[in-house]
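Visitor: I have the sequence and the model open side by side, and I would like a close look at one part of the sheet. Could you walk me through the strand at its edge and then show me how that part sits in the rest of the chain?

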Amino acid sequence: MSTWADLAARAGAPAPRLFDETERLHGADAPRVRLWHDAAAWHPFANQVWLLLEAARIPHCRAVVPLSQYRRPGPRDDARLAAFADALPGANPNGVPYVQLATAAGGWGPPLRERSAVALLRALDREFPEHGLLPRAPRRRALCDELLARYADLQKALYGVLGGKSTAAARRAYAARMDAWDACYARESDLALCPDDGGEAPVPRDAPFLLGSLGAIDALLLPLLERCEANVPHAVVGTGREKLALGRWPALARLLAAARRDVCPIHALLGDPTTTLGVRLAVTGAVGRQPLPPPPPPDAAGGGARRGGASARASTPPPGSARTAPPAPARGVPSFSRDVGRDADARGRLPRRRARHGPAQRGRGRAKKATGAETVAAVDDALRATAAALLDDGFAVRRAAEGIVEARGEDRARAAAEALVPRDMDREPAEAFRAHLRLVGAALAACCDS
């Protein structure tokens with residue numbers, strides 16, 4: 001099987017990604033804000049602030065620190081933690097986001113005292129009024145202020161139904177809050193905009209964004225909607241009730257779908273349901289006990305809601321079925337191929353974070369916990385086979401799977417079939433990666449079962 005160095009050479013140079021751009025000046029000479037967020041972009045509240053900075057085009061830079069849930073011993077995470085401690089003495093890395101403003105002397109001030117995303121939004125709006133985080137037209141500003149006042153109740157209601165043990169009262173409260181926000185975005189509530197507001201153009205009734213184009217309220221809401229979509233219907237981390245799937249609220253589902261399209265400036269920072277759920281399973285410690293749903297088909301993130309909220313589990317077959325053939329590679333494969341080149345290190349090896357991003361139970365019985373260097377090596381084998389399948393239409397997947405089982409053993413081969421896509425991979429290459437990884441995983445499972 002090809003080495004990572006060979007695969008990287010065949011894939012070519014990686015494409016630029018927004019996730020890798022740690023400095024975003026938007027035409028300015030220097031950043032005016034520094035955002036500290038978690039290194040894997042798991043933290044929804046930190047992601048809210050990142051989306052706000054991008055949506056408002058505020059010149060900023062980013063620094064990252066690992067969360068305790070996925071910190072790995074080694075020089076990379078040690079250096080990040082040391083830099084964090086030096087810049088923010090006494091601060092807790094798990095307390096991200098932290099926001100610092102540039103000083104006249106060219107340094108960074110202390111972190112803002114505001115801690116919630118809503119409070120940070122208001123603070124940034126005061127500091128940078130020219131960037132229009134919040135509208136100046138009186139009725140539009142009143143609408144945004146009212147929604148910001150209601151946001152905490154919506155967030156509380158969401159987390160009230162997560163955890164797998166929600167009460168009927170908590171589910172009713174969640175549905176009521178979602179009803180109110182959906183009515184607002186559908187322009188069907190008392191909070192809907194008047195036709196004329198200080199000369200502003202009227203917002204079309206079917207516009208997905210609150211004020212017609214991407215704004216601060218939309219950016220604040222999107223990470224929460226990702227979790228409403230992925231986690232709330234799930235039996236372990238959510239309610240287990242499909243009737244609370246995001247498709248029940250079509251205007252909010254339309255907002256999330258519109259933000260994920262590549263015409264939206266922040267689309268690359270949004271995840272997909274499978275990845276979002278995988279993060280939640282990992283954070284709660286349930287990742288080794290429960291399966292992820294099958295990945296959605298291309299564009300299902302928006303299409304599922306428009307089709308009445310059908311879940312990814314219903315729309316995609318289990319591994320090994322007749323419909324597991326990979327999607328057409330025209331767009332996804334080149335992007336993922338460049339990701340292979342980006343992530344392989346100087347010795348051609350893939351970083352361990354990709355191999356250990358979070359297993360999902362597959363095959364028969366309970367999956368064994370993935371531990372040890374040999375398991376990591378088996379996962380590395382499976383990922384190299386996946387990359388080779390992406391790059392070569394004639395790659396013999398079954399033969400590669402047989403070689404992995406023979407070299408690594410059945411238990412480790414089963415664990416190798418459970419690797420997942422990392423959080424920071426763009427949507428289209430992630431779809432191609434998952435489809436091909438499922439083929440490799442199905443071949444590994446078939447070899448073990450036989």
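Guide: Happy to. Start where arginine 34 faces its partner: in this predicted model, the residue opposite it is glutamine 100 of strand E4. A little further along, tryptophan 36 stands opposite tyrosine 98, also in E4. These pairs belong to the contact between strand E2, residues 33–38, and E4, which run antiparallel and are joined by four bridges.

Now look at E4 by itself, residues 98–101. Tyr98 and Gln100 point one way, while Val99 and Leu101 point the other way. That fits a general pattern: in a regular strand the side chains alternate between the two faces of the sheet. Are these four residues of E4 buried or exposed? Each of them is buried.

Step back to the sheet as a whole. It is open, with four strands in the order E1-E3-E2-E4 and mixed pairing. E4 and strand E1, residues 23–24, stand at the edges with a single partner strand each, so one side of each has no neighbour in the sheet.

Two backbone details are worth a look around these edge strands. Proline 97 lies in the loop between helix H3 (75–87) and E4, and the peptide bond that joins valine 96 to proline 97 is cis, with omega about 15°. On the E1 side, histidine 26 sits in the loop between E1 and E2. Its phi is near 50°, a positive value in a residue other than glycine. With 23% relative accessibility, histidine 26 counts as partly exposed.

From the sheet we can move into the nonpolar interior. The largest nonpolar core has 69 residues, and those with the most contacts inside it include Tyr174, Met178, Trp181, Tyr185 and Leu252. E2 and E4 are among the elements that give two or more residues to this core, as are helices H6 (168–185), H7 (216–230) and H8 (250–260). H7 gives the most, with nine residues. As a general point, nonpolar side chains tend to be buried together in soluble globular proteins.

Leucine 252 makes a good landmark here. Leaving out residues up to four places away in sequence, leucine 252 touches Met178, Trp181, Asp182, Tyr185, Leu221, Leu225 and Leu246. Some of those names return where H6 meets H8: Met178, Trp181, Asp182 and Tyr185 in H6 face Pro250, Ala251, Leu252, Arg254 and Leu255 in H8. By class, this contact has seven nonpolar, no polar and two charged residues. The axes of H6 and H8 come within 7 Å and cross at roughly 70°; the two helices are therefore roughly perpendicular to each other.

In the loop between H6 and H7 you will find arginine 187. Arginine 187 has a positive phi of about 60° although it is not a glycine, and at 13% relative accessibility it counts as buried.

Finally, the wider setting. The protein chain has 17 helices and four strands, and buried residues make up 53% of its 450 residues. Among contacts with a separation of 6 or more, 72% come from residues 24 or more positions apart. Arginine 34 opposite glutamine 100, where we began, is a good place to return to when you turn the model around.

Note on methods
Residues numbered from 1 in each chain as written. Predicted model: local features only at pLDDT ≥ 70, side-chain atom pairs only at ≥ 80, totals over all residues. Heavy atoms only, no water. Buried < 20%, exposed > 50% of the residue type's maximum accessible area, 1.4 Å probe, protein only. Pairing = 2+ DSSP bridges. Core = buried A, V, L, I, M, F, W, Y, C linked by side-chain atoms within 4.5 Å. Contact = heavy atoms within 4.5 Å. Axes fitted to C-alpha atoms, helices over the stretch in contact; angles between N-to-C directions. Parallel < 35°, antiparallel > 145°, perpendicular 65-115°, else oblique. Nonpolar A, V, L, I, M, F, W, Y, C, P; charged D, E, K, R; others polar.
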